Amino acid sequence: MCIRDREAPELIANHRTVVESWFAQDGVDLEERRRVLEAAEEAIGLECIDVGATNRNEKGELIYNQCFYLSIARSYLVEPSRELVEETALHLKRVIEACLLYTSPSPRDS
């Protein structure tokens, strides 16, 4: 999953600031960690593909913060169209949500 999104650059800039402050607080060199990660990606043949962070729900409404589902969908599929990535991501989102609801106790059960 890449921290790049052409759809909302101001959100990504804010995210980057938050991440940088966390690393600084912990005394960790972010640039060095980035270099180590990039070397590991190259060593095992991974490729960073920006799939964005927005998708559309069943009603066609724009939904945000979907980078997790989009990344899983893109990783699962072999050279898919954008439409197939979005469709698969939405399906995965619904399956994961259903599993969480099924396994999580309801407030009325406590």
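Two residues are in contact when their heavy atoms lie within 4.5 Å. Keep that in mind for the exercises below, which use a predicted model.

**Exercise 1. Get your bearings**

Task: Work out how many helices and strands the protein has, and in what order its elements run.

Solution:
- Start with the count: there are 4 helices and 2 strands.
- Next, walk along the chain from the N terminus, where the order reads α-α-β-β-α-α.
- Now look at the surface, of which the protein exposes about 8,700 Å², with carbon and sulfur atoms supplying 56%.
- Finally, turn to burial: 23% of the 110 residues count as buried.

**Exercise 2. The surroundings of Phe-23**

Task: Find where Phe-23 lies, and which residues it is in contact with once neighbours within four places in sequence are left aside.

Solution:
- Locate the residue first: Phe-23 belongs to helix α1, which covers residues 9-25.
- Then list the partners, which are Val-28, Leu-30 and Arg-33.
- Take Arg-33 as a distance check: it sits 10 residues along the chain from Phe-23, and the two C-alpha atoms are 9.7 Å apart.
- Last, classify Phe-23: its relative accessible area is 26%, so it is partly exposed.

**Exercise 3. A salt bridge inside one helix**

Task: Is Arg-34 buried, partly exposed or exposed, and which residue does its side chain meet in a salt bridge?

Solution:
- The partner of Arg-34 is Glu-31, at an N to O distance of 2.6 Å.
- Both residues are found in helix α2 (residues 30-43), where a spacing of 3 residues puts them about one turn of the helix apart.
- For accessibility, the partly exposed class runs between 20% and 50%. Arg-34 has 34% and is therefore partly exposed, and Glu-31, with 40%, is partly exposed too.
- To place this pair in context, a search of the whole structure gives 6 salt bridges.

**Exercise 4. A salt-bridge network**

Task: Trace the salt bridges of Glu-58 and Lys-93, then say which residues end up in one network.

Solution:
- Begin with Glu-58, whose side chain meets that of Arg-94 at 2.9 Å, N to O. This pair links distant parts of the chain, 36 residues apart: Glu-58 is in the loop between β1 (55-56) and β2 (62-63), while Arg-94 is in helix α4 (residues 82-103).
- Compare the two ends: Glu-58 is exposed at 55%, whereas Arg-94 is partly exposed at 31%.
- Move on to Lys-93, which forms a salt bridge with Glu-97, their closest N and O atoms lying 3.1 Å apart.
- Why are these two separated by about one helical turn? Because Lys-93 and Glu-97 are 4 residues apart in helix α4.
- Check their accessibility: Lys-93 is buried at 12%, and Glu-97 is partly exposed at 26%.
- Put the pieces together: through salt bridges that share partners, Glu-58, Lys-93, Arg-94 and Glu-97 form one network.

**Exercise 5. Two helices that pack**

Task: Describe how helix α3 packs with α4: at what angle, with what handedness, and through which kinds of residue?

Solution:
- Helix α3 (residues 67-76) packs with α4 at about 115 degrees, and their axes are 8 Å apart.
- The crossing of α3 and α4 is right-handed.
- Among the contact residues are Phe-68, Leu-70 and Ile-72 of α3, and Val-85, Leu-92 and Lys-93 of α4.
- Sorted by type, the contact has 9 nonpolar, 1 polar and 4 charged residues.

Technical notes
Residues are numbered from 1 along each chain as its sequence is written. This is a predicted model: local features need pLDDT of at least 70, side-chain atom pairs count only at pLDDT 80 or more; totals for chains, interfaces and linings use all residues. Side-chain values use heavy atoms; hydrogens and water are left out. A salt bridge is a side-chain nitrogen of Lys or Arg within 4 Å of a carboxyl oxygen of Asp or Glu. Buried means under 20% relative accessible area, exposed over 50%, partly exposed in between (1.4 Å probe, protein chains only). Accessible areas come from the Shrake-Rupley method with a 1.4 Å probe; for residues, only the protein chains shown count as cover. Axes are lines fitted to C-alpha atoms, for helices over the stretch in contact, and angles run from 0 to 180 degrees between N-to-C directions. A crossing is left-handed if the near helix is turned anticlockwise from the far one by less than a right angle, and right-handed if clockwise. Ala, Val, Leu, Ile, Met, Phe, Trp, Tyr, Cys and Pro count as nonpolar, Asp, Glu, Lys and Arg as charged, and the others, Gly among them, as polar.
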